[in-house]
Amino acid sequence: MGISLIGRSIGESVTLKLNETAAILREKGDPVIHLGGGEPKSRAPIDALVAAAGLLNSGEIRYTPADGIPALKQAIIRYTEEYYDRVVAPENVIASGGAKQSIMVALQAILNPQEELIYPAPYWVSYPEMAKICGAKGVAVHAEDGTFYPRIQDIEQRVGSYTKAVIINSPNNHTGAMYSEQFIADIVEFCERRDLYLIMDDIYHRLIFDGRKPINCWDYAKNKTETSKLVIINGVSKQYAMTGFRIGWAVGNKKLIEVMTNIQGHQTSGPSAVLQRAAVAALNGLQSGVESLRTTLENNRNVLIARLKSFDGVHVTKPDGTFYCFADFRNYNKDSTALSKFLLDKVWVVTVPGVEFGLEGYLRISFCGTIKDITSGIERMKWALDPNAPNELYIGERKLVRDWM
Ligand SMILES: Cc1ncc(COP(=O)(O)O)c(C=O)c1O
């Protein structure tokens with residue numbers, strides 16, 4: 001059909017597909033509970049809404065510089081100073097259409113065909129596909145001890161002559177694991193020693209629990225000059241509940257940012273002027289919404305974990321942050337795709353199969369919805385999976401009768 005090799009190698013985004021499936025079922029009137037989502041349900045900050053509306057009302061909505069408007073770069077510079085204790089120049093910053101685009105453009109600027117991008121497993125679904133878009137190869141590293149917390153030795157063992165970059169996402173989508181300060185120190189030191197790019201995907205860095213504080217990778221960098229290959233990724237999607245605004249950014253050395261800007265300039269140009277204004281207002285405005293989201297998520301996590309522990313066959317590691325929990329359902333079904341489909345077909349609960357993130361037998365369950373969604377969703381899952389559960393379950397007016405197990 002004349003489709004390129006790279007084009008053919010890219011799979012569809014499983015998480016986006018699940019959102020679509022949930023929306024279609026809801027439209028049909030099915031009582032779907034979406035425990036597979038990746039976005040907070042709180043409102044975007046009022047400052048952001050007012051700023052966006054102000055620019056819209058002016059009617060003067062134009063192209064923006066390929067690397068973002070100066071006001072947004074300034075807001076990112078201030079953010080970098082606050083969270084990374086580092087003063088950077090505008091030339092060290094690029095704003096993109098979501099953190100996703102910042103990562104993609106960074107990889108296009110860094111990776112040659114055949115080179116390798118290393119990341120710990122379980123990993124965010126897009127990393128392997130993004131590497132493939134560059135003609136490069138994603139290499140997932142499983143912690144040898146079977147936990148969600150990789151050790152530097154695990155990474156070291158997989159680094160070879162083709163390795164060009166490492167990407168670290170902590171706290172991690174999908175496990176919620178926040179890697180230790182020691183691990184971050186080790187990986188920064190290792191990448192500096194081996195002259196590898198280290199991309200820190202910090203998109204969830206403020207959504208952490210139990211009194212944890214965000215870890216600043218720059219604290220461990222010896223090279224703080226323009227030859228540093230440390231790249232920081234962040235954005236407004238998760239912390240400000242602004243997923244649909246599509247604004248993210250990268251902070252890195254000037255040469256890399258210049259190349260990223262050239263690529264982005266031909267790809268999409270600068271992000272939407274309206275949405276950049278909104279992001280500036282979110283970053284510079286009242287920050288209480290972030291803390292309120294964080295505490296809501298922590299409470300949701302506690303409720304979810306308590307409910308999951310009531311299953312006989314589920315093993316769960318308490319997430320340190322994010323809004324995802326990665327639970328081991330192998331006692332019920334070793335095939336996570338089949339199990340996820342079963343839960344959707346039988347009780348209309350959306351979960352994400354772990355095999356998509358490099359770990360079969362697990363399900364990703366999100367806790368960014370309401371407490372009611374979490375409790376009802378888990379109750380339905382328990383009913384579907386527990387052989388000792390009563391034979392019938394009412395969902396609204398609908399009576400479900402178990403015809404399996
Ligand atoms: C680990 C990780 N990195 C990056 C992103 C991209 O975020 P954005 O909405 O800013 O593109 C996501 C979104 O789900 C994510 O989970």
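**Entry 1: a pair of strands**

How many bridges join strand β14 to strand β15? I began here and found four bridges between β14 (residues 392-395) and β15 (residues 398-401), and the two strands run antiparallel. Strands are DSSP runs of E with at least two residues, helices are runs of H or I with at least four, and both are numbered from the N terminus. Two strands pair if DSSP finds at least two bridges between them.

I then looked up partners: L393 stands opposite L400, and Y394 has K399 as its bridge partner. The hairpin of β14 and β15 has two residues between the strands, and G396 takes a positive phi near 60 degrees there.

**Entry 2: a note on the model**

I remind myself that this is a predicted model, in which local features need pLDDT of at least 70, side-chain atom pairs count only at pLDDT 80 or more, and totals for chains, interfaces and linings use all residues. Residues are numbered from 1 along each chain as its sequence is written.

**Entry 3: two helices**

Next I checked helix α11 (residues 288-309) against helix α13 (residues 371-385): they pack at about 10 degrees, with axes 10 Å apart. That makes α11 roughly parallel to α13, a label for angles under 35 degrees (over 145 is roughly antiparallel, 65 to 115 roughly perpendicular, the rest oblique). The axes are lines fitted to C-alpha atoms over the stretch in contact, and angles run from 0 to 180 degrees between N-to-C directions.

From α11, I listed N300, V303, L304, R307 and L308 in the contact; from α13, I371, I374, T375 and I378. Contact asks that C-beta atoms, placed from the backbone, lie within 7 Å. I sorted these residues into six nonpolar, two polar and one charged. Here Ala, Val, Leu, Ile, Met, Phe, Trp, Tyr, Cys and Pro count as nonpolar, Asp, Glu, Lys and Arg as charged, and the others, Gly among them, as polar.

**Entry 4: around the ligand**

Which residues come nearest to the ligand? I noted G98, A99, K100, G235 and S237, out of 13 around it (near: C-beta, placed from the backbone, within 6 Å). Helix α5 (residues 98-110) gives the largest share of this shell, three residues. I counted three nonpolar, eight polar and two charged residues in the shell.

**Entry 5: two domains**

Last, I looked at domain 1 (5-43 + 288-401) and domain 2 (46-284), whose bounds come from an automatic or database assignment. Their centres, taken over C-alpha atoms, are 27 Å apart. The contact takes 33 residues from domain 1 and 30 from domain 2. On the domain 1 side, α11 supplies the largest share, seven residues.

How values were computed
Contact = placed C-beta atoms within 7 Å.
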